[in-house]
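Open the model in your viewer and keep the selection box ready. We will go from one charged side chain to the next, then to a sheet.

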Amino acid sequence: MHLRRRAAGVALVLAATSFNLLGAPGTAAAQSQGGIVLPLRSHWQTLADSRHVYVSSPGDDAVLATDHDGQVVKKVEGLDGARGMAESADESTLYVALPDADAISVIDTATLTETRRVSTGTDTEPESVALAGDRLFSGYQATVFDAGIGSVAIAEANPTVRLDDNPVWYGKPRLASSSGAPDRLVAAETGRQLPLQ
């Protein structure tokens with residue numbers, strides 16, 4: 001019982017903090033509370049490094065790059081359904097899942113321009129990306145009922161995508177990795193709720 005209340009309180013604080021950071025589109029309320037209204041219609045993921053804060057926006061087909069004070073540096077557009085993001089350890093490259101293009105965008109973080117796209121295969125609709133070892137992994141839709149985890153050796157000039165031989169996820173898995181364990185990939189299932197105890 002105590003855990004449920006604490007989890008609900010954390011979720012409420014996170015929701016309130018996220019709303020204040022991103023602001024309510026088209027309103028002055030966020031600015032009057034010290035927030036900054038970003039020129040985006042939607043939000044999927046926020047990722048920060050030592051120079052920029054990146055916000056993916058599927059509704060804008062874009063990634064917005066701001067400085068740490070929230071001032072817009074550049075909006076990288078033409079990113080079909082931009083969703084999950086991951087960044088190289090040296091912060092030189094940003095990878096963005098593009099489910100509407102069945103691809104992953106590769107963005108140079110110095111120029112904030114797309115340098116190439118890596119196809120993930122027809123109807124894969126990648127949503128989440130993470131780097132582990134020498135591969136870039138993506139959670140993708142395999143069939144109407146199943147999802148899987150695919151990967152590419154991103155350093156190759158013409159990377160080949162490897163997809164699960166037997167995808168068993170109910171929904172596109174959310175992926176994560178850490179520079180503290182660079183060869184480890186963490187995957188979690190979405191769409192199902194586990195009971196809190």
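Select Lys 75 first: at 24% relative accessibility it is partly exposed, because that class lies between buried (under 20% relative accessible area) and exposed (over 50%), with a 1.4 Å probe and protein chains only. This is a predicted model: local features need pLDDT of at least 70, side-chain atom pairs count only at pLDDT 80 or more, and totals for chains, interfaces and linings use all residues. Residues are numbered from 1 along each chain as its sequence is written, and side-chain values use heavy atoms, without hydrogens and water.

Add Asp 60. Its side chain meets Lys 75 in a salt bridge, 3.5 Å from N to O; the term means a side-chain nitrogen of Lys or Arg within 4 Å of a carboxyl oxygen of Asp or Glu. Lys 75 lies in strand β4 (residues 72-77) and Asp 60 in the loop between β2 and β3, so the pair ties together parts 15 residues apart in sequence. Strands here are DSSP runs (E, at least two residues), numbered from the N terminus.

Now add Arg 41. Its closest N and O atoms with Asp 60 are 3.3 Å apart, again a salt bridge. Is Asp 60 buried or exposed? Asp 60 counts as buried, at 14%, while Arg 41 is exposed, at 66%. Arg 41, Asp 60 and Lys 75 are linked in a network of salt bridges.

Next, select Glu 114 and Arg 117. They form a salt bridge at 2.7 Å.

Finish with β9 to β12. These four strands form an open antiparallel sheet in the order β9-β10-β11-β12; strands pair if DSSP finds at least two bridges between them. The edge strands are β9 and β12. Click Val 129: its bridge partner in β10 is Ser 138.
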